[in-house]
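Hi,

Here is the structure I promised to pass along. Have a look at it first, and then read on for what I found.

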Amino acid sequence: MSEQRKLVLATYDLCGVCAMPFRDELRWQVTFDDQLQHMGETPTFNEAPVHEVCALYAAQVCPFVSSPHARLGDAQRKGQRRAETLVLAGFDSTAAVYGHDSELQVGKSILMFDMAGLRRTHRLTGADDARQVYEAALRDEVPIQLDDAERRIVDLLCAPTPEEGEDSGAVMAGATWFIGAAFCPQICQVQAMKKFAEAKDDLYLQLAANFLFEPDMMAKWEDASDASTAAAVSWFRTRESLPGVLQQWRVAGARRVRDSRGRRPRISDAAIVPQRDEAAIRRRQEAESALRKGRRKKR
Ligand SMILES: [Zn+2]
């Protein structure tokens, strides 16, 4: 999967297989054997998470996962032992998404996904296993309802590649920069993002910064001729709350940018930016003023 498509999935918080939102479902990643036990509290993956049914579906049809002998995973490539068990891991949330040096290609950064809150696993040793668990999951599946703005994003992302044969993720990535992906940590080091990172007059970063200061400015872009941009700002403006990863990027962006008077944008998000503890601020001010008084007396 292209890095640009991964960025789009991360921004809108969509499944890497079906491109639909997660809602409150677990987010699944693919591991092998006992790999998971050595990955720590928030394991890092180089692929976007997927729904449970989507992971199980992929496990049956994709030779990469359904047959450990067909092709060894990147993580296994260096190992001597072939993977025998496919372990699908379901997490509560995507904790962070950022650019990071690729272990396979020196000097190339790729997007990484940190996952948090491991809830369940499926240990699969063959295609039959996968089929049975898949059929059970399919019976429990709740259809995902999309609002209009989400539908536009998903339709664009699933649209057959245009005449140029370009990945729809590549077409949509630019618009994700505008609404906050420009502030994804180390995004400029990801090679596929060069076009946006090195654009004339820092167009993508500038617009992202302007939208941080004045999100209402996005309204003007809802009729943009570029379908991805129009869909992105319409989606942004109709969210009650933003996906955690996108909000983290915007909070990081707010720490970086200043306007001409040196002010930082105000990002309102109680869930991520801790509430000001007024009592603690008062205590600190009192302690500081006592310290100043003490100094004055000494003189
Ligand atoms: Zn899915």
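To start with a quick one: is Cys-15 buried or exposed? Cys-15 counts as buried, because its relative accessibility is 0%. Keep in mind throughout that this is a predicted model.

**The zinc site**

Cys-15 is one of the residues that hold the zinc ion. The full set is Cys-15, Cys-18 and Cys-54, each through SG, plus His-51 through ND1, at 2.1 to 2.3 Å. If you like to think in sequence patterns, the donor residues are spaced C-x2-C-x32-H-x2-C.

The geometry should be easy to work with. The 4 donor atoms subtend angles of 97 to 120° around the zinc ion, and the arrangement is therefore tetrahedral. For reference, four tetrahedral donors would ideally sit at 109.5 degrees.

Cys-18 has another degree of cover: its relative accessible area is 25%, so Cys-18 is partly exposed. The cut-off for buried is under 20%, and Cys-15 at 0% falls on the buried side of it.

**The overall picture**

The protein has 12 helices and 4 strands. Of its 299 residues, 44% count as buried. As for contacts between residues at least 6 apart in sequence, 69% of them join residues at least 24 apart.

**The sheet**

How are the 4 strands ordered in the sheet? They run 1-3-4-2 in an open sheet, with antiparallel pairing. Strand 1 (27–32) and strand 2 (44–45) are the edge strands, each pairing on one side only.

Going across the sheet:

- Strand 1 pairs with strand 3 (residues 86–101) in the antiparallel sense, over 6 bridges. In this pair, Phe-32 stands opposite Leu-86 of strand 3.
- Strand 3 and strand 4 are also antiparallel, and 14 bridges pair them. Ala-89 faces Thr-121 of strand 4 here.
- Strand 2 is joined to strand 4 by 2 bridges, again antiparallel. Thr-44 stands opposite Asp-114 of strand 4.

**Helix 1 and its neighbours**

Helix 1 (residues 3–12) packs on this sheet and touches both strand 3 and strand 4 (109–124). The direction of helix 1 makes about 65° with that of strand 4.

How many of the residues of helix 1 are buried? The count is 10 of 10, so this helix is mostly covered. Charged-looking names are on the list too: the buried residues include Glu-3, Arg-5 and Lys-6, along with Leu-7, Val-8 and Leu-9.

Helix 1 also packs against helix 11 (residues 244–256), with the axes 6 Å apart and an angle of about 95°. The two helices are therefore roughly perpendicular to each other. At their contact, Leu-7, Ala-10 and Thr-11 of helix 1 meet Val-245, Leu-246 and Trp-249 of helix 11.

Just past the end of helix 1, Asp-13 has a positive phi of about 60°.

**Another helix pair**

Helix 6 (residues 148–158) and helix 7 (residues 168–178) are worth a look as well. Their axes come within 8 Å and cross at roughly 140°, and the pair is therefore oblique. The cut-off matters here, because roughly antiparallel would need an angle over 145 degrees. On the helix 6 side the contact involves Ile-153, Leu-156 and Leu-157, which meet Ser-168, Gly-169 and Met-172 in helix 7.

**Two more backbone spots**

If you plan to go through the torsions, here are two further aspartates to look up.

Asp-33 has phi near 45°, which is positive although the residue is not glycine. Asp-33 lies in the loop between strand 1 and strand 2. With 11% relative accessibility, Asp-33 counts as buried.

Asp-202 is the other one, with phi near 55°, again positive in a residue other than glycine. Asp-202 is found in the loop between helix 8 (194–197) and helix 9 (203–213). Is Asp-202 buried or partly exposed? Asp-202 counts as partly exposed, since its relative accessibility is 34%.

That's everything from my side for now.

Cheers

How values were computed. Residues are numbered from 1 along each chain as its sequence is written. This is a predicted model: local features need pLDDT of at least 70, side-chain atom pairs count only at pLDDT 80 or more; totals for chains, interfaces and linings use all residues. Side-chain values use heavy atoms; hydrogens and water are left out. Two strands pair if DSSP finds at least two bridges between them. Contact means heavy atoms within 4.5 Å. Axes are lines fitted to C-alpha atoms, for helices over the stretch in contact, and angles run from 0 to 180 degrees between N-to-C directions. Donors are N, O and S atoms within 2.8 Å of the metal (3.2 Å for Na, K and Ca); water is not among the atoms, so sites may look incomplete. Four donors count as tetrahedral if all angles lie between 85 and 135 degrees; four count as square planar and six as octahedral if opposite donors are over 155 degrees apart and all others between 65 and 115; anything else is irregular. Buried means under 20% relative accessible area, exposed over 50%, partly exposed in between (1.4 Å probe, protein chains only). Angles under 35 degrees count as roughly parallel, over 145 as roughly antiparallel, 65 to 115 as roughly perpendicular and the rest as oblique.
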